[in-house]
Amino acid sequence: MDALKEQNQDAKLITGNREVRLNNENLKRLTEDHLYHIALSNVQHDLRQLFGDVKFVCFGGQSSRMEKFASFISKELGLEDNGPPKNYAGNTDRYAVYKAGPVLSVSHGIGIPSLSIIFQEIVKLVYYAGCRDVTFFRIGTSGGLGLEPGTVVVSERVVNGALEPSYKMVVLGKTIDRPAVVDTTLVEDLANCSLNSDNFKTVKGTTLCADDFYEGQGRVDGAFCEHEDGEKFSWLRKLKDNGVTNMEMESLGFIAMCHRANIKGAVCCVTLLDRFEGDGLTTNRQLLSEWQTFPQIIVSRYIQQKLNESS
Ligand code: R2B
Ligand code: URA
């Protein structure tokens, strides 16, 4: 209990040179905080000892992909001797939380509602663990607009379906508006991690975050559809004219919540298809899996660079 009081006394999270307040005084009054969806607690687990060294949190949709990323980054950091990365959220199958040295690799499921639960529990986790200088990434997949499939997009802007950089949610019956402010330095640094010798392109662009994979992204091949092909193409062209390079389902909430938490964060997604060429994902699974490693490679270079700078 004393350890908990000590943790709660200083309701600050240090990220970079920025000191971030949790901004929720209610947490100070909790005798125990159950991080329910990852089956961890700030009383029953020694979060400082388990996670105090975390500097980077990489989020992605699927648990299996995040397990592979944890193994990949573990090798890149020369930590394979520690054995395969462990899933600390093993007592639940909602999300997975793998750790490889200073890197957490976390699955977030599909869409902002699923992301926001794990995001909040991870922000509390790094707070209780007393982590410092933490950077968050979303490493994901998306549909591209006029880009060769397999291209990596580092999001320099994230917008909703109305092309506004704003994440709206209803709290107590009122709509609150969280601005999705991108960290431009992090975007530049990430984009600069691409190499001429890469077998994939990396570009910066505007990412549209939709609430749905089918109608929300203008597809005509869902169970329902009330628009014509022609309308879809004029919408896609309008998006392209407004700088939209890709579409996915979490970037807006991710960037807005990083900004709200005062944590450095960026979104880096590979495109799995060109939406001007179709709606279905017809590329074989093996190639799709290979493409999904491309944003991981970019983020892993950034992590290694930062760790080398600080060693
Ligand atoms: C990209 O891919 C998923 C949908 O297939 C979704 O999580 C996203 O953002
Ligand atoms: N993820 C999406 O949300 N859309 C796509 O088109 C591909 C992946």
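**Exercise 1. A serine and its strand**

In which strand does S142 lie? Decide also whether S142 is buried or exposed, and find which side chain S142 joins in a polar contact.

*Solution.* The model used in these exercises is a predicted one. Begin with the position along the chain: S142 lies in strand 9, which runs over residues 135-144. Next, take the relative accessible area of S142, which is 6%; because buried means under 20%, S142 counts as buried. Finally, look at the side chain of S142, which is joined to the side chain of N246 by a polar contact of 3.2 Å.

**Exercise 2. The surroundings of ligand 2**

Which residues surround ligand 2, and which strand gives the largest share of that shell?

*Solution.* First list the shell, which consists of T141, S142, G143, F213, Q217, R219, M247, E248, M249 and L273. Sorted by class, the residues of this shell are 4 nonpolar, 4 polar and 2 charged. Then turn to the individual distances between polar atoms. A nitrogen atom of ligand 2 is 2.8 Å from an N or O atom in the side chain of Q217, while an oxygen atom of ligand 2 is 3.5 Å from a polar backbone atom of G143. In the case of R219, a polar side-chain atom lies 2.6 Å from an oxygen atom of ligand 2. Taken alone, ligand 2 exposes 240 Å², and the protein buries 93% of that area. As for the elements, those that give two or more residues to the shell are strand 9 and strand 14, the latter spanning 244-248. The largest share, 3 residues, comes from strand 9. To complete the picture, ligand 2 sits in the largest pocket.

**Exercise 3. The surroundings of ligand 1**

Which residues are found around ligand 1, and how many of them are charged?

*Solution.* The residues around ligand 1 are I110, R138, T141, F213, E248, M249 and E250. By class, this shell holds 3 nonpolar residues, 1 polar residue and 3 charged residues. Now go through the polar atoms in turn: an N or O atom in the side chain of R138 is 3.2 Å from an oxygen atom of ligand 1, and a polar side-chain atom of T141 lies 3.1 Å from an oxygen atom of the ligand. With M249, by contrast, it is a backbone N or O atom that lies 2.8 Å from an oxygen atom of ligand 1. On its own, ligand 1 has 270 Å² of accessible area, of which the protein covers 79%. The space that ligand 1 takes is the largest pocket.

**Exercise 4. A covered helix**

How many residues of helix 7 are buried, and which residue just after the helix takes a positive phi?

*Solution.* Helix 7 spans residues 251-261 and is mostly covered, with 9 of its 11 residues buried. Among the buried residues are S251, L252, F254, I255 and A261. Moving past the end of the helix, one comes to N262, which takes a positive phi of about 60 degrees.

**Exercise 5. A glutamate in a loop**

Where is the place of E32, and which side chains does that of E32 contact?

*Solution.* E32 has its place in the loop between strand 2 (18-21) and strand 3 (34-35). At 23% relative accessibility, E32 counts as partly exposed. The side chain of E32 makes a polar contact of 2.6 Å with the side chain of S41, and a polar contact of 2.6 Å also links the side chains of E32 and Q44. As a last step, consider V43, which is 11 residues from E32 along the chain, while the C-alpha atoms of E32 and V43 are separated by 5.8 Å.

Key
Residues are numbered from 1 along each chain as its sequence is written. Chains are lettered from A and ligands numbered from 1 in the order in which they are written. This is a predicted model: local features need pLDDT of at least 70, side-chain atom pairs count only at pLDDT 80 or more; totals for chains, interfaces and linings use all residues. Side-chain values use heavy atoms; hydrogens and water are left out. A residue is near a molecule or strand if one of its heavy atoms lies within 4 Å of it. A polar contact is a pair of N or O atoms within 3.5 Å; within protein, one must be able to donate a hydrogen and the other to accept it, and residues adjacent in sequence count only if both atoms are side-chain atoms. Accessible areas come from the Shrake-Rupley method with a 1.4 Å probe; for residues, only the protein chains shown count as cover. On a 1 Å grid over the protein atoms alone, a cavity is a set of points where a 1.4 Å probe fits but cannot get out, and a pocket is an open set with protein on both sides within 12 Å along at least five of seven lines; lining residues have an atom within 4 Å of a point. A molecule sits in a cavity or pocket if more than half of its atoms lie within 2 Å of its grid points. Ala, Val, Leu, Ile, Met, Phe, Trp, Tyr, Cys and Pro count as nonpolar, Asp, Glu, Lys and Arg as charged, and the others, Gly among them, as polar. Buried means under 20% relative accessible area, exposed over 50%, partly exposed in between (1.4 Å probe, protein chains only). Helices (H or I, at least four residues) and strands (E, at least two) are DSSP runs, numbered from the N terminus.
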